[in-house]
Amino acid sequence: MTKQNQEEENLRLVPLRAAEAEIKVLNSRFLARLQPAGSVEEARAFHKDEKARWSDATHHVPAFVIGHGRSLISHCSDDGEPSGTAGRPALAVLEGSGLGNLAVVVTRWFGGAKLGTGGLVQAYGDAVKAVLAVTQAAKLVDTTLIGLELAYSYYDSVLRDLKMFNAEIEDSVFGAEVRVKARVQSADLPMLELRLRELSSGQIVPEIISREANTPMPVGVE
């Protein structure tokens, strides 16, 4: 395995949350809905739910990618469209995104005009591209939920430090002191702890509340 491939496999990008996008082609509507999925069972359940939700539609084309790197399961179906015109182009775009653990269902409402083989391939691929364009990527990392107690005079500085380490603040309580709960990447915790101790002359000491493996954390956050 090359160094680049190893880095990509270690990064393990996933969608942060569900997303959807819609396009129209010759009066046909194509609604692409994307859902995080950690297993084949979750992906198939999502497809089943979409078929029930949009029961008036003509087709519900599924595609999913579970896992990353060498541990990857992918699947697609044309769901009644001509063979190779729907599922394969949808899956090809999905696989090219670099994301894993996600499922997409493209629901089509026929608009009265046939698109032809090439038109269908283009439409289903474009629908998946549209939903990926509005999907926030995340990386799977080990995280630690920490608790902080601090004087109000330190609050703004602590927020800046937490942001610098891309920590997610889950709760803030303002009483005699400020109590903050934040989720930080476990690998960053030693450096964050050192910075907080230096900032407060040892008064702010993170309390470890819990640890969690494979937590989706946003990427591209500065």
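With a relative accessibility of 54%, L26 counts as exposed. This residue makes a convenient doorway into the structure, which is a predicted model. L26 lies in the loop that links β2 to β3, and its phi is near 50°, a positive value in a residue other than glycine. A similar backbone feature appears at D79, where phi is near 45°, again positive in a residue other than glycine. D79 belongs to the loop between β5 and α3. Its relative accessible area is 22%, so D79 ranks as partly exposed, the class that starts where the buried limit of 20% ends.

From these loops it is a short step to the sheet. Five strands, in the order β2-β3-β6-β4-β5, make up an open sheet with antiparallel pairing. β2 and β5 stand at its edges; each has a single partner strand, so one side of each is left without a neighbour in the sheet. From one strand to the next, the twist averages 10°. Two helices can be followed against this sheet. Helix α2 (residues 40-53) packs on it and touches β3, β4, β5 and β6, and the direction of α2 makes about 160° with that of β4. Helix α4 also packs on the sheet, where it touches β2, β3, β4 and β6; the direction of α4 makes about 150° with that of β2.

Strand β4 deserves a closer look. Ten of its ten residues are buried, so β4 is largely enclosed by the rest of the structure. On one side, seven bridges join β4 to β6, and the two strands run antiparallel. H60 of β4 illustrates this pairing, with T107 in β6 as its bridge partner. β4 also pairs with strand β5 (residues 71-76), in the antiparallel sense and over six bridges. Here I66 has I73 in β5 as its bridge partner, while G67 is matched with L72. The hairpin of β4 and β5 has two residues between the strands, and within this hairpin G69 takes a positive phi near 55°.

L72 offers a view of the edge strand. This residue is found in β5, and its relative accessible area of 40% makes it partly exposed. Leaving aside residues up to four places away in sequence, L72 touches V65, I66 and G67. The chain also brings L72 and G100 together across 28 residues of sequence, with their C-alpha atoms separated by 8.1 Å.

What lies inside? The largest nonpolar core has 29 residues. Those with the most contacts inside this core are F30, L94, L102, V106, Y124, V128 and L132. Two or more core residues come from each of β2 (19-25), β3 (28-36), β4 (59-68), α3 (87-95), β6 (102-109) and α4 (116-133). Helix α4 gives the most, with seven residues. F30 shows how these parts meet: not counting residues up to four places away in sequence, its contacts include A21, I23 and V25, as well as V106, T107, R108, Y124 and A127. There is also a second, separate core of 17 residues, which includes I146, Y155, L189 and I204.

The meeting of α3 and α4 completes this picture. The axes of the two helices come within 8 Å and cross at roughly 35°, with α3 passing α4 in a right-handed crossing. Which residues of α3 meet α4? P89, A90, V93 and L94 do so, and their counterparts in α4 are V121, Y124, G125, V128, K129 and L132. The residues of this contact divide into eight nonpolar, one polar and one charged. In α3, the buried residues are G87, P89, A90, L91, V93 and L94. The cover over these buried residues includes β4, β5 and β6 together with α4. Strand β4 and helix α4 thus both appear in the cover of α3, and both also give two or more residues to the largest nonpolar core.

Conventions: Residues are numbered from 1 along each chain as its sequence is written. This is a predicted model: local features need pLDDT of at least 70, side-chain atom pairs count only at pLDDT 80 or more; totals for chains, interfaces and linings use all residues. Side-chain values use heavy atoms; hydrogens and water are left out. A nonpolar core is a set of buried Ala, Val, Leu, Ile, Met, Phe, Trp, Tyr and Cys residues joined through side-chain atoms within 4.5 Å. Buried means under 20% relative accessible area, exposed over 50%, partly exposed in between (1.4 Å probe, protein chains only). Helices (H or I, at least four residues) and strands (E, at least two) are DSSP runs, numbered from the N terminus. Contact means heavy atoms within 4.5 Å. Axes are lines fitted to C-alpha atoms, for helices over the stretch in contact, and angles run from 0 to 180 degrees between N-to-C directions. A crossing is left-handed if the near helix is turned anticlockwise from the far one by less than a right angle, and right-handed if clockwise. Ala, Val, Leu, Ile, Met, Phe, Trp, Tyr, Cys and Pro count as nonpolar, Asp, Glu, Lys and Arg as charged, and the others, Gly among them, as polar. Two strands pair if DSSP finds at least two bridges between them.
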